[in-house]
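Dear colleague,

Please find the structure below. A short account of the findings follows it.

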Amino acid sequence: MLCLRSETHPGWIDVAVTHPDEILIDHAHCEKKAAAFALALINRYPERMRLIKDMIDLAKEELDHFEIVVKVLEERGVALTKDTGNTYAQRLHEHIRKAEPLRLLDALIVGAFIEARSCERFSLLADHAPTEEMRALYKSLLASEAGHYRAYTDIAREYFPVEEVKARLEEFGSIEADIIASLTNQPTMHG
Ligand SMILES: [Fe+2]
Ligand SMILES: [Fe+2]
């Protein structure tokens, strides 16, 4: 799917379907952090108009998703607890180069990979989540996460040569696959 080199370990969905509340809580935090990441890019690159416009749209959508997931939690009588962090995303972020403009390119590609992996996991949940309500939720979110992957890669191609973007997507493809292979099937969206 998209830029991904590997599929999620089948053991993850087994854990996810037996821990729906934990998945929803972590998912809510993922949506909130996706909105915050888009705003952070606007903050860091105020002179890049294309980026600003696309990140405004993306931040709004992610905040809408956060609201939707919070509502599902409320309906289930589950409180949103503190964010316990996301090792997968942190490990991807460690590979972002420090010097500009490479930092921008890598941040956009990391954004793209997180969206692509979320999209893959949403599609598993759309098929296997334990309630009809949850399956419908993940089905409804799939298309927009795929759209977010495209938004990040399109912005990258706006500001960097196509070949450079392609080469870095390939490098991050193997980095991301290594991170995925090291995961231990936790009841989190990227666990
Ligand atoms: Fe989202
Ligand atoms: Fe997204």
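How are the donor residues of the iron ion (ligand 1) spaced in sequence? They follow the pattern E-x30-E-x2-H-x79-E, donors being N, O and S atoms within 2.8 Å of the metal (3.2 Å for Na, K and Ca), with water not among the atoms, so sites may look incomplete.

This is a predicted model, in which local features need pLDDT of at least 70, side-chain atom pairs count only at pLDDT 80 or more, and totals for chains, interfaces and linings use all residues. Residues are numbered from 1 along each chain as its sequence is written, chains are lettered from A and ligands numbered from 1 in the order in which they are written, and side-chain values use heavy atoms, with hydrogens and water left out.

**The iron site**

The protein donors of the iron ion (ligand 1) are Glu31 (OE), Glu62 (OE), His65 (ND1) and Glu145 (OE), at 2.0 to 2.3 Å from the ion. Glutamate 62 also bridges to the iron ion (ligand 2), and the two ions lie 3.4 Å apart. Both glutamate 31 and glutamate 145 are buried, meaning under 20% relative accessible area (exposed is over 50%, partly exposed in between; 1.4 Å probe, protein chains only).

**The cysteines**

The structure holds zero disulfides, a disulfide being a pair of cysteine sulfur atoms within 2.5 Å. For cysteine 30, the nearest cysteine sulfur is that of cysteine 119, 14 Å away. Cysteine 30 is buried, with a relative accessible area of 14%. Cysteine 119 has the sulfur of cysteine 3 as its nearest, 10 Å away, and is buried at 5% relative accessibility.

Yours faithfully
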